[in-house]
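The following exercises concern the fold and the charged side chains of one chain. Each task is followed by a solution in steps.

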Amino acid sequence: MAMVTLIRNAKVYQPEYAGVRDILVLGGKIAAVGEKLQADFGGSLEVEELDGEGMAAVPGFIDSHEHILGGGGEGGFETRTPEAELKDLIMNGITTVAGCIGTDSVGRDMTALLAKAHALENEGISTYAYTGSYRVPVKTLTDSLMKDIMMLDKVIGVGEVAISDHRSSQPTFEEFARIAADARVAGMLSGKAGIVNVHLGDSPRHIDLIERVIHETEIPASQFLPTHVNRNAGLFDVCLQFAKEGGTIDFTGNEDIDYWETICDEVRVCRGIARLLDMGISSDRFTISSDGQGSMPVFNEKGEYQGIGIGKASCLLKEVRECVLKEGIPLEIAVKGITSNVSSILKLGAKGRIREGFDADICLLTEDTLELKTVMAKGQLMVKDGKQLVFGTFEK
């Protein structure tokens, strides 16, 4: 790769729109954002220039919830979903991912999750992880939840802890409150988010445990990131109120929503975000994640398994595109859900913005159709003109 990259004349979204600008990348960082930038090192450094004319430059996407190890298994061992590959991420604009374990914490564990996170990092992107899974008590790598968050660099919180779901371990209020308390203090002591990523199911109990913790203890709403909030209409109404009161909610993207809308009342992401904004809720209060490689099982009213699908990382850009092209939501608002908002609640520091000093994670999209053309992760070109340049170890 070039030691220095200069992106010329792109419409820069930081994610706030900053106008037509050049972006200078040096040493994996964004060195400057401005007009008519120059980079002349007298031949001592190679400078690669990219033409951003007609392109929107947005921060690299942050997927806050992906089953990088694979997930599933609700229909038996043969329904375990495969691991994520580098191409699944970079070819869909994802430059940072937070990995999690779901239903199966027996066949998959924290040792394997962290090994996979390190593998993807070595291949060129940035990775984080949650300790635990659906299950309570939380299954950790060390001897405690607090120690995992404090002493394992990649671990930023706990999750996805399942509530209001027939697959959850049915945690009591006291168990759930203790998880949140331990995660909060561990986050404070280590300078991390200590976030509790909460899986929400279809039960009419909705987010009752989260609400009880907020109202019956001193733990604030900001300690939680409830996910799958759009899985049904009733749950979404409750989660909108949570966001209105200052919480942040995580939409789960769905590449196959056209089908799912025919069998359930899942809320299409673009329509849900439009509703959130129409209610006057801050555009800082939502994120979008892919649930990539996670299972999408179908159960009947008796909780009996009917079939299974798989989450796709490609849904992140698809949801942003639908927000802009179907609902007329400005790109600078829609893209916050997979960039700056995620970085803020997960406390990822130099991620999620195109600003001086931030990591050079950048995507170039066609201005009119928002088609992904170029992806840069930590200053390295991973995708150029729609073609993959960097491959995972076994992808070629």
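A salt bridge is a side-chain nitrogen of Lys or Arg within 4 Å of a carboxyl oxygen of Asp or Glu. In this predicted model, D258, E261, R268, R271, K318, E319, E322 and K326 are linked in a network of such salt bridges.

**Exercise 1.** Determine whether the radius of gyration of the chain agrees or disagrees with that of a compact globule.

*Solution.* For 396 residues, a compact globule would have a radius of gyration near 21 Å. The chain has 20 Å, which agrees. Buried residues make up 59% of the chain. Of the contacts between residues at least 6 apart in sequence, 70% join residues at least 24 apart.

**Exercise 2.** Locate the salt bridge between K336 and D284, and classify K336 as buried or exposed.

*Solution.* The closest N and O atoms of K336 and D284 are 2.6 Å apart. K336 lies in the loop between α10 (331-334) and α11, and D284 in the loop between α8 (269-278) and β13 (286-289), so the bridge ties together parts 52 residues apart in sequence. Buried means under 20% relative accessible area. K336, at 9%, therefore counts as buried, whereas D284, at 37%, is partly exposed.

**Exercise 3.** Which parts of the chain does the pair E16 and R355 link?

*Solution.* E16 and R355 form a salt bridge with closest N and O atoms 3.8 Å apart. E16 belongs to the loop between β1 (4-13) and β2 (17-26), and R355 to the loop between α11 (340-346) and β16 (362-366), 339 residues apart. E16 is partly exposed at 30% relative accessible area, and R355 is partly exposed at 34%.

Key:
Residues numbered from 1 in each chain as written. Predicted model: local features only at pLDDT ≥ 70, side-chain atom pairs only at ≥ 80, totals over all residues. Heavy atoms only, no water. Rg over C-alpha atoms; globule rule 2.2 N^0.38 Å. Buried < 20%, exposed > 50% of the residue type's maximum accessible area, 1.4 Å probe, protein only. Contact = heavy atoms within 4.5 Å. Helix = DSSP H or I, 4+ residues; strand = E, 2+ residues; numbered from the N terminus.
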